[in-house]
Amino acid sequence: MVLVYNLYIFDRHCQCIYYTEWNRPVSPLTADIASVRTRAKEVARVNQGRSSDDNGAASASDSRRPLVWPTAPVSSSNAKDKSIASVQNVAMEEEAKLVYGVVLSTRNIINKFNGKDGPQGGNPGGFMSFATNTYRLHYYEAPTGVKFILNTDTATTSMQPVLEMIYRNIYVEYVVKNPLFHIDPHVSVPIENDYFRAVLNNYIREISASSTTTA
Amino acid sequence: MVSSFAKSFGSVLYRNFFKKESTYFTTVVLSGVAFSLTFNTMFEKYWNKKTAGLKWEDIKDRRSIKRQEEMIHSVFIINRSGGLIYSKNYNTHIAQLSSNEALIFAGTFHGIHALATRIAPGGRSTSARDMGIQTIDTKNFRLHCFQTPTGIKFIAVTDLLHTKLTDVLNRIYELYSDYALKNPFYNLEMPVRSDMFDTKLLQLVQAH
């Protein structure tokens with residue numbers, strides 16, 4: 001039984017291109033959505049025109065599907081493109097930056113321990129995971145510099161095969177091989193592929209249900 | 001024909017070996033020695049072939065390698081403000097950090113230890129409060145950290161066979177309190193320079 005909390009995917013430009021969560025009690029995403037909902041309810045109450053049934057239906061359909069972020073291009077290295085940062089979830093953006101910072105610093109000090117601190121970066125030291133008393137963060141870096149970060153419960157020791165599987169059989173198949181894939185190397189574009197989301201979601205549910213996958 | 005041959009053979013044998021006591025004795029001794037030599041060499045050859053790869057000479061190296069792997073590579077102590085107050089490397093299995101790199105390591109680790117609590121997926125206000133990084137797993141080694149209630153971090157870099165090092169880190173904490181803190185000339189938050197601490201720590205590390 002693996003309890004998977006959330007998954008971050010970062011591209012080479014240190015941008016979070018995909019985030020999703022499964023069993024997270026409190027998160028910037030839900031907090032934001034909750035505040036949006038309360039605001040919507042207030043608006044509805046003020047207008048007195050519509051009942052709150054619409055809100056209820058919307059939340060039910062949301063809870064079945066995992067939350068995903070970002071839903072639109074957050075930012076890019078080009079200054080002029082920053083105007084398209086339409087969805088601003090500051091808390092989520094900051095959390096993604098924190099996660100990236102922690103993981104990159106950890107990777108770098110481990111590379112130092114291995115005496116392989118090359119200028120090209122990468123993960124020659126083989127940083128796999130770190131654990132605190134409440135969660136374990138698993139890290140996988142693809143040769144192209146795409147980084148996968150998965151948070152699980154502390155008892156799960158190795159998710160390397162799972163992350164490699166996500167990269168090889170889900171990310172590459174559904175994102176990179178997509179003919180509409182954004183090839184411009186200077187712009188980071190969030191993953192907005194519904195097939196990718198669905199397959200990833202199914203795969204994580206499969207892992208969560210079975211106890212032997214990662215043993 | 002047969003009997004005459006046996007008779008002549010017997011007489012030859014008698015005349016050459018059994019007639020004289022000294023010849024007889026020498027024959028017995030020499031043939032005994034020859035038999036034991038051939039038997040020993042033959043049997044040893046057979047035995048070596050049968051037990052190939054299982055004898056002590058063959059597995060001695062493998063055992064010593066395994067013993068080398070089961071060890072603590074280095075120990076670091078970081079004070080409350082992220083400064084390195086003790087660092088010791090015990091072997092060459094991991095790269096020796098220069099003093100500058102060790103200081104950078106201490107500062108970085110202090111930072112990520114604090115930030116790891118902020119990115120906890122359980123949230124910061126839940127009942128189980130996150131206490132920061134306890135282990136870091138890598139391909140070649142595992143890093144264990146123990147933070148005391150007063151905020152001092154004891155870090156040990158070990159091989160992958162050590163899964164839980166809480167006892168050892170607690171023992172290091174004891175040694176630190178006994179041989180560094182109880183020293184009247186020791187300044188809090190300053191580097192530990194105590195020969196007694198060094199030797200006791202070395203004993204502890206060698207025992208694990």
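**Exercise 1. In which helix of chain A does A:Tyr174 lie?** Then work out whether A:Tyr174 is buried, partly exposed or exposed, and list its contacts.

*Solution.*

Step 1. Keep in mind that you're looking at a predicted model. Find A:Tyr174 and you'll see that it sits in helix α4 of chain A.

Step 2. Now check the accessibility. The relative accessibility of A:Tyr174 is 29%. Buried means under 20% and exposed means over 50%, so A:Tyr174, at 29%, counts as partly exposed.

Step 3. Next, look at who touches it. Skipping neighbours within four places in sequence, A:Tyr174 is in contact with A:Asn169, A:Asn193, A:Tyr195, A:Phe196 and A:Val199.

Step 4. Finally, try a long jump. A:Val2 is 172 residues away from A:Tyr174 in sequence, and their C-alpha atoms are 25 Å apart in space.

**Exercise 2. How many helices and strands are there in chain A, and in what pattern do they follow one another?**

*Solution.*

Step 1. Count the elements: chain A has five helices and six strands.

Step 2. Walk along the sequence and write down each element as you meet it. You should get β-β-α-α-β-α-β-β-β-α-α for chain A.

Step 3. Add two whole-chain values. Chain A has 215 residues, and 44% of them count as buried. Take the contacts in chain A between residues at least 6 apart in sequence: 57% of these join residues at least 24 apart.

**Exercise 3. What is the volume of the largest pocket, and which helix gives the most to its lining?** Do the second largest pocket afterwards.

*Solution.*

Step 1. The largest pocket has a volume of about 600 Å³. It is lined by 26 residues, and the closest to its centre are A:Tyr171, A:Val175, A:Phe181, A:His182 and A:Val189.

Step 2. Sort the lining by element. Helix α4 of chain A (residues 160-176) comes out on top, giving five residues. That's the helix from Exercise 1, where you found A:Tyr174.

Step 3. Sort the lining by class: 16 residues are nonpolar, six are polar and four are charged.

Step 4. On to the second largest pocket, which holds about 490 Å³ of space. Among its 22 lining residues, B:Gln134, B:Thr135, B:Cys145, B:Lys164 and B:Thr166 are the closest to the centre.

Step 5. Which elements supply at least two residues each to this second lining? From chain A there is β4 (127-132), and from chain B there are β3 (133-138), β4 (142-147) and α5 (166-181). The β4 strand of chain B gives the most, with five residues.

Step 6. The class count for the second largest pocket is seven nonpolar, 11 polar and four charged residues.

**Exercise 4. Which residues have the most contacts inside the largest nonpolar core?** Follow A:Phe113 from there into the largest cavity.

*Solution.*

Step 1. The largest nonpolar core has 43 residues. Those with the most contacts inside it are A:Phe113, A:Phe130, B:Phe76, B:Phe105 and B:Phe109. Helix α3 of chain A (residues 90-113) gives the most to this core, nine residues.

Step 2. Zoom in on A:Phe113. Leaving out residues up to four places away in sequence, its contacts are B:Phe76, B:Ile94, B:Ala95, B:Leu97, B:Phe105, B:Phe141, B:Leu143 and B:Val157.

Step 3. Don't miss the second, separate core: it has 28 residues, including A:Val146, A:Ile170, A:Ile191 and A:Ile204.

Step 4. Now the cavity. There is one cavity of 30 Å³ or more, and the largest cavity holds about 50 Å³ of space. A:Phe113 is one of its lining residues, together with A:Ile109, A:Lys112, B:Leu97, B:Glu101, B:Ile104 and B:Phe105.

Step 5. By class, that lining has five nonpolar, no polar and two charged residues. Helix α3 of chain A and α4 (99-118) of chain B each supply at least two of the lining residues.

**Exercise 5. Where does A:Cys14 lie, and what is its phi?** Do the same for B:Glu189.

*Solution.*

Step 1. A:Cys14 is in the loop between β1 (4-10) and β2 (16-21) of chain A. Its phi is positive, about 65 degrees, although it is not a glycine.

Step 2. A:Cys14 has 42% relative accessibility, so it counts as partly exposed.

Step 3. B:Glu189 is in the loop between α5 and α6 (195-206) of chain B. This residue is not a glycine either, yet it has a positive phi of about 70 degrees.

Step 4. With a relative accessible area of 26%, B:Glu189 is partly exposed.

Methods. Residues numbered from 1 in each chain as written. Chains lettered and ligands numbered in written order. Predicted model: local features only at pLDDT ≥ 70, side-chain atom pairs only at ≥ 80, totals over all residues. Heavy atoms only, no water. 1 Å grid on protein atoms, 1.4 Å probe; cavity = no way out; pocket = protein on both sides within 12 Å on 5 of 7 lines; lining within 4 Å. Points joined across faces, edges and corners; volume = space filled by probe spheres on them. Helix = DSSP H or I, 4+ residues; strand = E, 2+ residues; numbered from the N terminus. Nonpolar A, V, L, I, M, F, W, Y, C, P; charged D, E, K, R; others polar. Core = buried A, V, L, I, M, F, W, Y, C linked by side-chain atoms within 4.5 Å. Buried < 20%, exposed > 50% of the residue type's maximum accessible area, 1.4 Å probe, protein only. Contact = heavy atoms within 4.5 Å.
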